[in-house]
Amino acid sequence: LHDALPICERRQRPMGLVLLVHHGHAVEPGVDAMRPLSTPGRAACERLAAEVAHRGFVPDVIWHSGKLRARQTVECYWKACNPFAPMSAERGLLPDDPADWIRDRLIGDTRRILVGSHMPYLPRLLALMLGAGAFSRVVFPLNGCVLLESNASAWQEIWRLDPHG
């Protein structure tokens, strides 16, 4: 089964891999206006990151929105999956940004890219990447992640992890 194989065991071919990651559970704005990850949110991120590493995803680069909760989330993946990967805040990953900016940037990119962002942005980006259109209803796992693979003409979902079941 193609999607059951760890990424490192697939035959080598030029393709891009993108792991879309929704930030972990954050504290409410009334507790801290910066909205860092909650203690359970950080623990869930660490568990998911360990599972992603176990599945063989090693990002070449890690992008996040610049918001504290997104940065803290991708730091969990950075530590578990590749602490040598460059990590940066990137334009176009905020909750209300147009998803086509990042989708267009990813077209033809053959790196393994981890993208940490927010709702409602991630379902819109996933819909665009799968060819469903910007306003399609695509389910994205809350505080979870989705791995996509590209070939010359399209993106396809390989697997998803949902910390809530």
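User: What makes strand 1 (residues 16-22) largely enclosed by the rest of the structure?

Analyst: Buried means under 20% relative accessible area, with exposed over 50% and partly exposed in between (1.4 Å probe, protein chains only). In strand 1, 7 of the 7 residues are buried, so the strand is largely enclosed by the rest of the structure. Keep in mind that this is a predicted model: local features need pLDDT of at least 70, side-chain atom pairs count only at pLDDT 80 or more, and totals for chains, interfaces and linings use all residues. Residues are numbered from 1 along each chain as its sequence is written, and side-chain values use heavy atoms, leaving out hydrogens and water.

User: Which residues of strand 1 are buried on one side and which on the other?

Analyst: Gly16, Val18, Leu20 and His22 are buried on one side, and Leu17, Leu19 and Val21 on the other. In a regular strand the side chains alternate between the two faces of the sheet.

User: Why is strand 1 said to pair with strand 5 (residues 145-150)?

Analyst: Strands are DSSP runs (E, at least two residues), numbered from the N terminus; helices are runs of H or I, at least four residues. Two strands pair if DSSP finds at least two bridges between them. Strands 1 and 5 have 6 bridges, in the antiparallel sense, so they count as paired. Leu20 stands opposite Val146, and Leu19 stands opposite Leu147.

User: What joins strand 1 to strand 4 (residues 112-117)?

Analyst: Here too there are 6 bridges, but the strands run parallel. Val21 stands opposite Gly116 in strand 4.

User: How many residues lie between strand 5 and strand 6 in their hairpin?

Analyst: There are 4 residues between them. The two strands run antiparallel, joined by 6 bridges, and Ser150 stands opposite Trp155 in strand 6.
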